[in-house]
Amino acid sequence: MGLYLLDYGAGNVQSLANSLTKLGYKYTWVSQPEDFHKATSLIFPGVGAFETAIAHLESKGLFQPLKEYIQSGKPYFGICIGMQVLFESSAEATRKGLGIVPCPIESFDTSDKAVPHIGWNSADVISPNDDTEGVQPSSSYYFVHSYRAKYDSVAYPDAMSWVHTTTQYGQEIFISSVRKGNVFGTQFHPEKSGNAGLALIDAWLRKPESEHTHAPPAPIRTLIPKPTHSLTKRIIACMDVRANDQGDLVVTKGDQYDVREKTVTANSAGAVRNLGKPVALAAKYFEAGADELCLLNITSFRHSPLQDQPMLAVVRAAAECIFVPLTIGGGIKDTVDPDGTKRPALEVAGAYFRAGADKVSIGSEAVFTVERLRASGWQKGDGTSAIETIAHTYGRQAVVVSIDPKRVYVDPETYEGPYQSELVYGKDDGPEVERGKAWWYQCTVSGGREVRDVSVVELAKGAEMLGAGEILVNLIDRDGTGLGFDLDLVNLVKRSVKIPVVASSGAGNAQHFVDVFRDTPVEAALAAGIFHREEVKISGVKQALRENTINVRD
């Protein structure tokens with residue numbers, strides 16, 4: 001087999017390479033147009049924006065050779081953008097696609113759901129009695145996209161003959177994989193779909209190449225949406241990574257963001273709390289069933305992120321042994337190296353994506369950007385911020401904005417400040433310290449050490465306007481307390497935006513996850529310390545959710 005991988009120059013394609021290595025397959029990267037003639041099988045693991053993908057293919061002279069390769073009848077497997085480029089066009093782009101599947105890629109309807117579609121969902125085979133190409137009806141696969149090809153047998157009957165599987169999100173049914181002739185493509189990411197995804201890749205590669213050349217057209221069906229979709233709630237394990245006093249990178253965890261042990265001496269503060277090695281913990285959480293992993297670089301040398309080789313090495317090593325989505329945060333901003341070299345945030349993010357990260361998390365920089373946006377009268381951004389540049393190149397689904405607010409208590413009878421509409425009122429049956437009080441949530445920067453005159457709603461809305469695809473909602477007041485997620489805060493943010501939200505800070509037991517998914521519409525929940533200390537196991541959290549009829553991935 002002459003297996004080649006196509007890297008168009010943007011996004012995390014390393015994860016597919018890691019998957020192939022894990023499965024024992026050898027491959028070669030396409031480096032020039034002539035390589036298409038050498039390939040006997042081709043995988044295009046595209047990640048990012050349609051416009052960027054087509055532009056990069058054209059600039060490298062690969063667009064037409066790719067089309068000719070597919071038309072030659074040799075096996076082709078496209079992933080995400082690698083599938084979407086098969087279509088005529090995309091609503092997010094001015095450039096046209098390959099036009100092999102005769103219908104357009106359009107944006108999701110946001111009226112009944114958060115967009116992007118992020119998380120684990122089912123893939124329903126159109127002809128289950130035929131070869132399923134490794135797709136298992138009992139499995140969930142990882143999706144992360146804002147645009148889709150709608151299953152529409154009336155408007156695009158010829159295109160529907162390409163459909164292998166469909167997936168429902170909200171009340172929309174879209175094409176989640178195509179298969180016809182020599183072509184196979186998935187909207188979901190098998191390389192990020194855990195063991196189910198690895199099995200799918202292995203099934204495609206194990207099949208003789210001659211059997212990949214004549215997949216029959218699919219029957220045309222009339223599909224009616226079910227009352228609810230199969231998207232699961234996500235459990236995310238987070239690891240705060242920093243250098244300890246000996247210079248080694250360790251996973252730590254703070255209490256209200258203080259990561260040092262309480263024991264001090266006359267000459268020094270307590271040691272940095274050490275809860276394990278980041279790569280070992282990441283591998284452990286993958287095996288335990290975490291739906292996503294998050295590495296937050298909170299060490300001081302993040303001000304020169306591209307010279308932070310230890311952290312880049314951690315991401316590379318973690319990506320080699322985990323096959324679920326990985327988010328990296330810390331230092332994703334415009335920086336200047338010690339030698340004076342300017343490093344734009346886009347370059348920093350690109351380095352982490354190439355190392356194996358799928359998303360980047362932006363914290364303090366997002367606050368400063370939204371402050372400028374507010375000063376402009378909430379006009380659109382100028383296109384230069386970290387959020388905007390990364391979202392434009394890689395797609396908004398690649399950008400997470402992490403919010404670190406604190407409660408600001410006010411007199412509910414006399415407060416006339418600018419955040420009246422955002423006030424949360426203590427409940428009569430709530431904690432005694434909250435009764436009769438009201439508060440709003442003020443954003444902080446620099447790991448919670450500095451407050452800014454920005455509310456959590458302003459930051460969430462501003463981040464969405466600038467192009468963020470997901471909001472991570474922390475709360476300094478709850479961090480490390482084990483008191484449970486702040487449900488009022490989570491609901492406040494969910495009401496303010498149309499993008500997915502991740503709840504964080506305060507989880508102390510499995511019931512707290514049940515509470516946040518039952519009492520808010522949040523898409524995911526994150527925890528750190530309780531997992532590191534094994535006070536609660538991921539399996540225990542998922543079991544509790546299942547017992548309360550909350551859909552989670554096995």
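This is a short chat about the cores and helix packing of a predicted model.

Biologist: Which residues have the most contacts inside the largest nonpolar core?
Modeller: In this predicted model, the largest nonpolar core has 95 residues, and those with the most contacts inside it are Leu293, Ile390, Phe513 and Phe531. Helix α10, residues 345-355, gives the largest share of this core, with seven residues.

Biologist: What does Ile390 touch?
Modeller: Leaving aside residues up to four places away in sequence, Ile390 touches a set that includes Ile332, Ala345, Leu346, Ala349 and Phe353, along with Val360, Ile362, Gly395 and Val399.

Biologist: Switching to α14, how many of its ten residues are buried?
Modeller: Seven of the ten residues in helix α14 (residues 487-496) are buried, so to speak of it as mostly covered is fair; among the buried ones are Leu489, Val490, Leu492 and Val493, but also Asn491 and Lys494.

Biologist: And what do those buried residues pack against?
Modeller: They pack against the strands β21, β23, β25 and β26, and against the helices α13 and α15.

Biologist: Which residue caps the N-terminal end of α14?
Modeller: Asp486 does, with a side-chain oxygen lying 3.2 Å from the backbone nitrogen of Asp488.

Biologist: You mentioned α13; at what angle does its axis cross that of α11?
Modeller: The axes of α11 (residues 364-375) and α13 come within 9 Å and cross at roughly 85°, which means that α11 is roughly perpendicular to α13.

Biologist: Which residues meet there?
Modeller: On the α11 side they include Val367, Val370 and Leu373, and on the α13 side Leu459, Ala463 and Met465 are among them; by class, this contact has eight nonpolar, two polar and two charged residues.

Terms used: Residues are numbered from 1 along each chain as its sequence is written. This is a predicted model: local features need pLDDT of at least 70, side-chain atom pairs count only at pLDDT 80 or more; totals for chains, interfaces and linings use all residues. Side-chain values use heavy atoms; hydrogens and water are left out. A nonpolar core is a set of buried Ala, Val, Leu, Ile, Met, Phe, Trp, Tyr and Cys residues joined through side-chain atoms within 4.5 Å. Buried means under 20% relative accessible area, exposed over 50%, partly exposed in between (1.4 Å probe, protein chains only). Helices (H or I, at least four residues) and strands (E, at least two) are DSSP runs, numbered from the N terminus. Contact means heavy atoms within 4.5 Å. A polar contact is a pair of N or O atoms within 3.5 Å; within protein, one must be able to donate a hydrogen and the other to accept it, and residues adjacent in sequence count only if both atoms are side-chain atoms. Axes are lines fitted to C-alpha atoms, for helices over the stretch in contact, and angles run from 0 to 180 degrees between N-to-C directions. Angles under 35 degrees count as roughly parallel, over 145 as roughly antiparallel, 65 to 115 as roughly perpendicular and the rest as oblique. Ala, Val, Leu, Ile, Met, Phe, Trp, Tyr, Cys and Pro count as nonpolar, Asp, Glu, Lys and Arg as charged, and the others, Gly among them, as polar.
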